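User: Hi! I'm new to reading protein models and would love a close look at one part of this one, the open sheet. Could you walk me through it slowly?

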Amino acid sequence: MSGRGAVFISDLHLSERHPGRSALFFRFLEERAAGIGTLWILGDFFDFWIGPAHVRLGEHRETLLKLRALADAGTEVKFIWGNRDFQVGEELSKFAGVEVLGESCERTFGAHRTLLIHGDSFCSRDRGHQVFRAISRNRVVKALYKALPSAVSLGLAKRVRARSEAGVARKTARTMSFAEEAIREAFGRGVDTIVCGHCHEAREEDFELGGRRGRLYTLGAWEEEARYLEFSEGEFRPRVFPEPVKGA
């Protein structure tokens with residue numbers, strides 16, 4: 001763990017549909033992320049990602065170049081898959097200098113043994129999504145998808161996105177929320193801290209775990225402002241960018 005600290009972001013859903021969000025991210029890199037030890041991207045950074053061919057599309061070219069510049073300047077950039085961008089692979093490492101770590105990873109920050117994960121796996125009551133997760137992450141299915149011509153995979157990704165957005169509108173709040181038993185199972189891995197995204201709401205929650213305490217941090221979605229988490233001087237701290245003007 002670098003002594004220069006870390007910041008954690010999730011759920012930017014970058015796409016041509018939301019240019020303002022990309023502009024906000026570029027400001028964040030210039031004014032906040034430059035000089036930190038590690039930038040952790042915990043999934044759904046892209047609205048969708050079709051695989052290796054995506055680096056050849058113009059949609060995210062500026063974003064990828066800025067990530068490369070950040071990495072070249074000495075900041076480590078690490079990527080955890082989300083439910084929108086689980087096709088991200090070594091192409092992001094080669095083109096943008098980003099280390100892709102897959103579904104989740106565990107790291108120690110100060111005294112905190114921490115699980116870093118996108119969080120959609122915690123929505124265990126959403127049976128439809130869990131079935132989609134299982135099928136779409138199957139190695140054979142992923143290989144077949146990547147073998148498609150980019151125009152075909154791009155069209156499929158857009159249709160899946162549209163169906164997903166329509167499906168979310170029909171789901172109940174209980175179905176879309178994290179299941180406590182899934183959170184407790186994750187703490188059962190021996191971690192005392194979980195950092196995740198997916199639910200689009202920035203919050204902190206404590207769990208009693210049979211004689212020890214666990215803390216869950218969820219990262220908010222980036223819409224009008226950027227919600228993120230910072231680790232520095234031994235502690236995690238929720239932040240917002242741009243910071244509110246004092247006295248306003």
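Before we zoom in, what radius of gyration would a compact globule with 248 residues have, and what does the chain have? And then, in what order do the strands of the open sheet lie, and what packs on the sheet?

Analyst: Happy to help! Keep in mind that this is a predicted model. For 248 residues, a compact globule would have a radius of gyration near 18 Å, and the chain has 18 Å, so the two agree. Along its principal axes, the C-alpha trace spans about 50 × 40 × 35 Å. The chain's secondary structure comes to eight helices and 11 strands.

Now to the sheet. It is an open sheet of five strands, in the order β5-β6-β7-β9-β8, and its pairing is mixed. At the edges stand β5 (104–109) and β8 (203–208); each has a single partner strand, so one side of each is left without a neighbour in the sheet. On average, neighbouring strands here are turned by 20 degrees against each other, direction ignored.

Let's go through some of the pairs. Strand β6 (residues 112–117) pairs with strand β7 (residues 193–196) in the parallel sense, over three bridges. If you want a place to look, find T114, which stands opposite T193 in β7. On to the next pair: β7 and β9 are also joined in the parallel sense, with four bridges between them. Here I194 stands opposite L216 in β9.

The mixed character of the sheet shows up when you reach β8 and β9, which pair in the antiparallel sense over six bridges. In this pair, D206 stands opposite R215 in β9. These two strands form a hairpin with four residues between them. Look in the turn for G210, which has a positive phi of about 65 degrees.

Finally, add a helix to the picture. Helix α8 (residues 180–187) packs on the sheet and touches β6, β7, β8 and β9 (213–218). The direction of α8 makes about 70 degrees with that of β8.

To put the pieces together, you can trace the sheet from β5 at one edge to β8 at the other. Along that path you meet the parallel pairing of β6 with β7, then the parallel pairing of β7 with β9, and then the antiparallel hairpin of β8 and β9. Helix α8 packs on this sheet. Try following that path on the model yourself!

Note on methods
Residues are numbered from 1 along each chain as its sequence is written. This is a predicted model: local features need pLDDT of at least 70, side-chain atom pairs count only at pLDDT 80 or more; totals for chains, interfaces and linings use all residues. Side-chain values use heavy atoms; hydrogens and water are left out. Two strands pair if DSSP finds at least two bridges between them. Axes are lines fitted to C-alpha atoms, for helices over the stretch in contact, and angles run from 0 to 180 degrees between N-to-C directions. Contact means heavy atoms within 4.5 Å. The radius of gyration is taken over C-alpha atoms; the globule rule is 2.2 Å times the number of residues to the power 0.38.
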